[in-house]
Amino acid sequence: MPAQVVVGTQFGDEGKGKIVDRLADRSDVVARFNGGANAGHTVVVGGERFAFRLLPSGAIRGRQVAIGNGVVVDPDQLLSEISLLEKRGIEVKLWLSDRAHVVLPYHKVLDGAERALKGRLSSGSTKRGIGPCYGDKVMRTGIRVGDLLDKSLLAEKIETYFPLKERLLKSYGLDVGTTKEELLEWCLNSGSRLSRYVVDTSLLLNKALDQGKNVLLEGAQGTHLDIDHGLYPYGTSSNPTAGGACTGTGIPPTKIDQVIGVVKAYTSRVGEGPFPTEIHDDLADWIREKGGEYGTVTRRPRRCGWLDLVMVKYSVRVNGVSSLAMTKMDVLGGLRKVKVCIAYEFQGDRLEEFPSNPRILAECRPILEELPGWEDLPPAKWIETAKAGYESIPKNARSYIEYVEEYTGVPVSIVSLGADREATIERT
Ligand code: GDP
Ligand code: IMO
Ligand code: MG
C-alpha cells in the first residue's frame, strides 16, 4: 500500500494531532518524520486529553508507531511520554530510528542564548534545543540515537565536540552546564533506556508498505515554518513539508500517494515574524480564548488572524496536497461576518503569490473577502452535527469550506467541528 502524509499548511498547531488520530483508525503504522519536542499535538477522546511532543499521535490507538531519522529526539521527553501512556494502560509499540539525532543538554542552553542574541531576527524558539541540534546534524557534529549504543564511538564524539560547544558557550559568557564525563554518562544511560526501541526504521517502514500495510506519516509544525519553504528565518530548523516525509523516514516519493494538508479555519502563530492577516483588536482575544490558542509547549498566547488563502495555496503547491482537512470551524461560529485573505497589496501592486522576503511580507496588506458567518453551537451539538454528516453543517459554514476548495483547487475531505475525536466529518 502507498503511504499517506499529513502536513500543516500554516504556522503549525492546525490540529494535525487530531487528524492523525482520526486517520490512524485505518493505519497499521504511524510515523513522525520531522521536528522534536518543539511540537505539541493534542488529541481528545471522549473528553480525555492526550498531549504528544515526540510520540506519533497514533500511539493512543495502540498502533505500531515510529520516530523517523528526520526527528531530533530528547530522550527524557520521549521516555516520559511512553511512561505516561503506559500508566494510562496503553501499550507503546515504538520503532526509534538509529539515525535520528539526539538533543543534548547543551543544545537547550545554546537555544536559549542564541534566541536572545538574535534580537529582531529571532523566531522566538521553544527553547527545546531544536535549532542547535539540527545545526550540529548539518555541521556533522551531532550525536545520533545509534551512537548512544556504541560507547567507543560516543566517547570519541564527545571528546571531540564537547570542547567546541564549551568554547562557543564561553564566548556567550555561559557555561555548558555539565562536564564531558557527565555528558557521556547521560548519553549511555539514555541509550540503555532507549535501546529496546532502536531499529532501522526505514527498513521496517518499507517492509510494512511492501506487505500491503497502511503507513501514515505525521508531520510536526507547518509549511510556513519549514527551513526551506517557510518564512526564513522565522521558522523552525526541519522540513515539515511533504518532501520531509521522504528524507525524514527513508520512504521514497514513489511510495506516497496522498498528502493531506491540515488547515485551521483561521490562522494562528506562536512566535515572531510577519503575519499579514493578524487581527489586532478584541476579536483576536475572542478567537484565542474560544479556540484555546495558547502554545501547547510553552503556553505562550498564540497570535490570531483571518484565514490566509495565499499561504494555503502556496502550501498546496509545495506539498502537492491532494486533500485538505479543515479544523476549528466551530471556533468561528457566532461571528456575523468572517474574512479570508485572497491576495496581498504591496506598494500599490496586487501580489497573488506568497513572497520569500520577510521584509516584503511585513509590508503586505491583506486583501480580504468578507463572507457571511454561521451560528455558535455548544460542543455536544457540534458532535451531533458531525454525526449527522456534511449536509447538516450550517449553510454558511459549508459555503466557507466550498470557498476554500474553489480558491485552492483541492477538496476539503475532512471537516473538524470540535477537539473531540467524534467531532469530525469525513466526506467521501
Ligand atoms: P497540532 O500541533 O497541529 O497537532 O495542533 P495542536 O494540538 O497544537 O493545537 C490544536 C488544538 O485545537 C488542540 O488543543 C486540539 O485539541 C484542538 N482542536 C483540534 N481540532 C479542533 C476543532 O475542530 N475544534 C476545536 N474547538 N478544537 C480543535
Ligand atoms: P506543532 O507541531 C507552532 C515555532 C516557534 C518559533 C519557531 C522556531 O505543534 O504544530 P523552534 O523551537 O522549532 O526552534 O522554534 O517555530 N514552532 C511552532 N509553532 N507549532 C509548532 O509545532 C511549533 N514548533 C515550533 O514558536 O517561532
Ligand atoms: Mg501544536
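Helices and strands here are DSSP runs, numbered from the N terminus. With that in hand, take glycine 273. Glycine 273 sits in the loop between β12 (267-269) and α9 (282-291). It is buried, at a relative accessible area of 14%. Compare its position with valine 44. The two are 229 residues apart along the chain, and their C-alpha atoms are separated by 30 Å.

A word on confidence. This is a predicted model. The protein averages a pLDDT of 97, and 100% of the residues score at least 70. Among the elements, helix α3 (residues 105-117) has the lowest mean pLDDT, 93. Strand β8 (residues 101-102) has the highest, 99.

Now helix α1, residues 16-23. How many of its residues are buried? Eight of eight, so the helix is mostly covered. The run includes Lys16, Gly17 and Lys18. Ile19, Val20, Asp21, Arg22 and Leu23 are buried too. Note the charged side of that list: Lys16, Lys18, Asp21 and Arg22 count as buried just as Ile19 and Val20 do.

Next, the metal. What coordinates the magnesium ion, ligand 3? Asp13, through OD, and Gly40, through its O, at 2.0 to 2.2 Å. Aspartate 13 lies in the loop between β1 (3-8) and α1. Glycine 40 lies in the loop between β2 (29-32) and β3 (41-45). So the pair ties together parts that are 27 residues apart in sequence. Glycine 40 is itself buried, with a relative accessible area of 15%.

Both of these residues turn up again at ligand 1. Around ligand 1 there are 20 residues. Lys16, Gly40, Lys328, Asp330 and Ser416 come nearest. Take the polar contacts one by one. The side chain of aspartate 13 has an N or O atom 2.9 Å from an oxygen of ligand 1. For glycine 17, a backbone N or O atom lies 2.8 Å from a ligand 1 oxygen. For glycine 40, a backbone N or O atom is 2.7 Å from an oxygen of ligand 1. On its own, ligand 1 has 580 Å² of accessible area, and the protein covers 91% of that. Which elements give two or more residues to its shell? They are α1 and β3.

On to ligand 2. It is surrounded by 21 residues. The closest are Ser123, Thr126, Gln221, Thr236 and Arg269. Aspartate 13 appears here as well: a backbone N or O atom of this residue lies 2.8 Å from an oxygen of ligand 2. So much for the backbone; now the side chains. Asparagine 38 places a polar side-chain atom 2.8 Å from an oxygen of ligand 2. Arginine 269 does likewise, at 2.7 Å. Taken alone, ligand 2 exposes 550 Å², and the protein buries 97% of it.

To tie that up, aspartate 13 serves three partners. Its OD coordinates the magnesium ion. Its side chain contacts ligand 1. Its backbone contacts ligand 2.

Last, the cysteines. How many disulfides are there? Zero. Cysteine 341 is in none; the nearest cysteine sulfur, that of cysteine 364, is 8.8 Å away. Why is there no bond between them? Because 8.8 Å is too far for one, against a cut-off of 2.5 Å. Both are buried: cysteine 341 is at 0% relative accessibility, and cysteine 364 has a relative accessible area of 7%.

Key
Residues are numbered from 1 along each chain as its sequence is written. Chains are lettered from A and ligands numbered from 1 in the order in which they are written. This is a predicted model: local features need pLDDT of at least 70, side-chain atom pairs count only at pLDDT 80 or more; totals for chains, interfaces and linings use all residues. Side-chain values use heavy atoms; hydrogens and water are left out. Buried means under 20% relative accessible area, exposed over 50%, partly exposed in between (1.4 Å probe, protein chains only). Helices (H or I, at least four residues) and strands (E, at least two) are DSSP runs, numbered from the N terminus. Donors are N, O and S atoms within 2.8 Å of the metal (3.2 Å for Na, K and Ca); water is not among the atoms, so sites may look incomplete. pLDDT is the predictor's confidence in each residue, from 0 to 100. A residue is near a molecule or strand if one of its heavy atoms lies within 4 Å of it. A polar contact is a pair of N or O atoms within 3.5 Å; within protein, one must be able to donate a hydrogen and the other to accept it, and residues adjacent in sequence count only if both atoms are side-chain atoms. Accessible areas come from the Shrake-Rupley method with a 1.4 Å probe; for residues, only the protein chains shown count as cover.
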